[in-house]
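Please open the model in your viewer and keep the selection tool at hand. The tour proceeds from the whole chain to a single residue and then to a ligand.

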Amino acid sequence: KYKAVIFDLDGVICHTDQYHFLAWKKLADRMGIYFDKEINNRLRGVSRMESLEIILEQHKGEPFTEEQKASLAEEKNGVYKELLAKMSTSDLSEEVIKILEHIRLKGLKLAIGSSSKNARLILNQIGLPDYFDAISDGNNIMNSKPHPEVFLKAAEYLNIAPEYCLVVEDAKAGIDAAFAAGMDSAALGDAYGYHKANYYLTSFSDLQLIIV
Ligand code: B16
Ligand code: MG
């Protein structure tokens, strides 16, 4: 049924979600703003500036100017990129490689659909710079998930209609985006059990049960 699989990056292909958490936590601590894993889950799939807005909901006091917000986001991204610089091929699991190869051997196209502006850097770090047939990321979209743009662009780059694409996501915002794009979706991690998904994956390997 499917002709392509579009993978979210952060929280699906690799665990940069941990690094996002650490970088936001560092910023929040410095500013004396409360931040925890539950708030962090709301940042999954959401753009950098929208993530900052969610974090600043806990800030009591004068609102920040757009300029101040841009500099806060830049500060977080600096810390995040220091963490990304330490990533290597060991941050890509054997399990993920095996399943990507399985899907490719079945003749399907593979793409990345990520809200991140650091997506290509991350793919380089984990040793997959040229692996995917298309990469749609934070640099080619105006609206981040739950808006469908990032996945519709991926389908367009692949030249495959949305109805033949399956999206793999760890974020509820990402499942909403797939749904809005008219694509089926498989949910894992934080999105597991979310009602808008078509499939639930207890592990990445469960994809083998869908792409047979
Ligand atoms: P950046 P994904 C998303 O990646 C992350 O889940 C989200 O937490 C982050 O804010 C967003 O990328 C933007 O990332 O600051 O690197 O541009 O899950 O869509 O692959
Ligand atoms: Mg994600």
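Begin with the cartoon view of the whole protein, which shows 9 helices and 6 strands; these are DSSP runs numbered from the N terminus, helices being H or I of at least four residues and strands E of at least two. The radius of gyration, taken over C-alpha atoms, is 17 Å, close to the 17 Å of the globule rule for 212 residues, so the protein is as compact as a globular protein of that length. That rule is 2.2 Å times the number of residues to the power 0.38.

This is a predicted model, in which local features need pLDDT of at least 70 and side-chain atom pairs count only at pLDDT 80 or more, while totals for chains, interfaces and linings use all residues. Residues are numbered from 1 along each chain as its sequence is written, and chains are lettered from A and ligands numbered from 1 in the order in which they are written.

Next, select alanine 111, which is found in strand 2 (residues 109-113). Is alanine 111 buried or exposed? Alanine 111 is buried, because 23 other C-beta atoms lie within 10 Å (buried requires 20 or more, exposed 12 or fewer, partly exposed in between, with C-beta atoms placed from the backbone). Not counting residues up to four places away in sequence, alanine 111 touches ten positions' worth of side chains to display, including Ala4, Ile6, Phe132 and Leu158 (contact means C-beta atoms, placed from the backbone, within 7 Å).

Finally, select ligand 1. The residues that surround ligand 1 number 20, and the closest include Asp10, Arg48 and Ser114 (near means a C-beta atom, placed from the backbone, within 6 Å).

Conventions:
Contact = placed C-beta atoms within 7 Å.
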